[in-house]
Structure formats: structure tokens, C-alpha cells
Amino acid sequence: MGSPSDMAGSALGHAHPALSSKRIAARLDWRGGVVWLRDADGAVLASGPVQRIERMPGGPAQVHLPDGWLFETDADLNGLPGARPDRWLSRLEAWHPRLAAVALICLLAAVALWRWGLDLLVALAMAVTPDAPVRAMDGGNMVMIDQVLAEQTQLDLDRQLQVLAIFDGLVRHAPPAPWGEYRLLFRDIPAMGPNAFAMPGGTIVITDQLIQQFEDDDVIAAVLGHEIAHVSERHVLAQLYRAGSIYLLVTLIAGDPGPVLQDFLREGNALLALSYSRGQEAEADRLGVATANAAGHDGAALAEFFDALLDEIGEDELGWLSSHPALADRAAQIRGMAGGTD
Ligand SMILES: [Zn+2]
């Protein structure tokens, strides 16, 4: 191909005057960068540079000319100054701003769905979850835990009653359990060490190992306050739902929780595999300390609990606790909280 100034050619087609549906047989001639639009008699209708060329797939090319003239042709316009070999590309470019906007909206929607979609499904599912299956889940889980993991408590009755009194005091200063009532169970669970955990209906288990190792009632109160917060803030069911399937959540929200929910909630291993998010742990630490303080204990003793766990077993060997945020950080946070409120 020569330089643009060499290129000359012509094409037959039809011309439309500006803003008119009139259709005139016409010819377009071009040389260099200039075109001439002529009628059948050779009279020049328009001349000058091409303004824009468009072609719909399978349709004629449309050449926009000065003074609003439009020239339509099925002929090949390659070589016409201003024509692009790929007319699809020029269509796309004309569409560019709208395409970009649509693409951006799709991208944002995808990100929002990825980022918040599950949160939204979980929140909706929790809102429609009735009490009965959640309470049943606590019971079913205890049966399973007693079968595979836990022994009857070795604590004497007096000590159990003392800890129950601490627990009752905390419950009086805590928000209600969303799907049931708080209850405290004592179990001897050597595999778990000094520990406590909560179930979604409000059942909280504390190990003999914790009570024997921490005679300080403030520590026990703070740990129980922390577990109560996991229940009241609905962390337990939220994490179980998160670990479940989208199918379960959609079925729940769609209206017939029945058997799907029963089956899901009966699976105790989901509960034992449960881990909380960093944010949930921080919230439970904060609320647990506050509840313990409100009930007349020193909630900051929760930091002692974390320190002792660290000293004794080290961060790496905490088992399920290791998925919790760094204990040292949490201890420091709790001390900071206590400093800020005094
Ligand atoms: Zn926790």
C-alpha cells in the first residue's frame, strides 16, 4: 500500500442528506484525505474529510461526511482515508464508554458477591432459623462429645456449684441466648486441656482441666464471659453456616428448613472443627471482659489465662486454639482495654 496521499478510489452506493430519509443514488470518490460525494449526474453533493465510518455486521458501510451527508455502500472501502480495515473495532470504540461502565458494574457486583454475598446469606439464614433445631443441635453434640471425647467431671459438687454461681452472675449481665438458654456443663476432657467452648443454642462446656489449673475465679469468669459472647453474638451458628453449603443456606432462606437443617445441625464434627474469625475473637474478648466486669469480677484476668496457656504449651501446640488470633496480642489488647476504662 502506498502513502495515504496516493490512495484514490471510488464506490457506488446511496446518499442521504442530513436529517432526511431521502435516498439518492450516489458515488463516493476519494483521493488522498479528501472525498467527494456525487449524484448520478456527477454533481458534487458534499466534499471534505471523512468524519466517521461504521458498519453493522452483514450490513452496508455508512460513511459520515461533512454537512451531515451519509453515504451507504456494500462496496469495499479499504483504502478510503479514515476507513479502518476492522470495522468491528470502530463499532466497539464507539461503544467504549458504555461497555466500560457495564464491565465495571459487573466487576463490582462480582466483588460484592464474593466479599459480602456469603455474609448476607448467613445473616438471612440465621434470621429465619427457628429455636428447636438449634437447641437439638446442642443436645446432639453433647451426646457425640460424651461418646468420643469427654468423661464425667471429676470436680466435687461444691466446686461445681461455685462455678455455676459465677456463670449465673455472668448470664444476668449478658444479652439473652438467641436460640435457647445458657447452660454450663462440666466435663473432664484431657485431650482439650484447659479449655471452654460454646454451642449455638447456649450450651457452654468448661473442662475440669481449666478449673483445676485456674483457681482464680476472675479467670474463670472472663473465659466463661468470652464463650457467652460467642453465643450472644451468634458467632457459633454463623461459623457453622459459613462452613456449610450455599445449598443449605438457600434452602433455609427459601422457607423449608426442616430436614436439611436437621441433618446439618446433627453433625457434631462441624462444631469441633469450628474456628472463629479474628474479628469474632476480638469481639468475644471485649464483651467477655465487659460482662465479667459487670458481674463484679476482674475481666482483665482473661489476659492471665492467655499468658498461662502460652507459658505452658506454647503458641504452636494449642490444638484448636492455635487457629485463634495470637494469644499474646489478645492479652495485650485486654490489658489495654482495662487500662482505658480505669
Ligand atoms: Zn473464642
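**Around helix 10 and the zinc ion**

Let's start with a pair of helices: helix 5 (residues 217–232) and helix 10 (residues 278–294) have axes that come within 7 Å and cross at roughly 125 degrees. That angle makes helix 5 oblique to helix 10, and the crossing is right-handed. Keep in mind that this is a predicted model.

So who touches whom here? From helix 5, the contact is made by A221, A222, G225, H226, A229 and H230. Helix 10 answers with Q280, E281, A284, D285, L287, G288 and A292. Sorted by class, the contact of helix 5 with helix 10 has 6 nonpolar, 5 polar and 2 charged residues.

Now look at the metal. Which protein atoms are the donors of the zinc ion? They are NE2 of H226, NE2 of H230 and two OE donors from E281, lying 2.1 to 2.7 Å from the zinc ion. The 4 donor atoms subtend angles of 52 to 138 degrees around the zinc ion, which makes the arrangement irregular. Along the chain, the donor residues are spaced H-x3-H-x50-E. H226 sits in helix 5 and E281 in helix 10, so this pair ties together parts that are 55 residues apart in sequence.

Helix 10 also packs with helix 6 (residues 235–243), at an angle of about 170 degrees and with the axes 11 Å apart. That makes helix 6 roughly antiparallel to helix 10. Here H235, A238 and Q239 of helix 6 meet Q280, E283 and A284 of helix 10. By class, the contact of helix 6 with helix 10 has 2 nonpolar, 3 polar and 1 charged residues.

Notes:
Residues are numbered from 1 along each chain as its sequence is written. This is a predicted model: local features need pLDDT of at least 70, side-chain atom pairs count only at pLDDT 80 or more; totals for chains, interfaces and linings use all residues. Side-chain values use heavy atoms; hydrogens and water are left out. Axes are lines fitted to C-alpha atoms, for helices over the stretch in contact, and angles run from 0 to 180 degrees between N-to-C directions. Helices (H or I, at least four residues) and strands (E, at least two) are DSSP runs, numbered from the N terminus. Angles under 35 degrees count as roughly parallel, over 145 as roughly antiparallel, 65 to 115 as roughly perpendicular and the rest as oblique. A crossing is left-handed if the near helix is turned anticlockwise from the far one by less than a right angle, and right-handed if clockwise. Contact means heavy atoms within 4.5 Å. Ala, Val, Leu, Ile, Met, Phe, Trp, Tyr, Cys and Pro count as nonpolar, Asp, Glu, Lys and Arg as charged, and the others, Gly among them, as polar. Donors are N, O and S atoms within 2.8 Å of the metal (3.2 Å for Na, K and Ca); water is not among the atoms, so sites may look incomplete. Four donors count as tetrahedral if all angles lie between 85 and 135 degrees; four count as square planar and six as octahedral if opposite donors are over 155 degrees apart and all others between 65 and 115; anything else is irregular.
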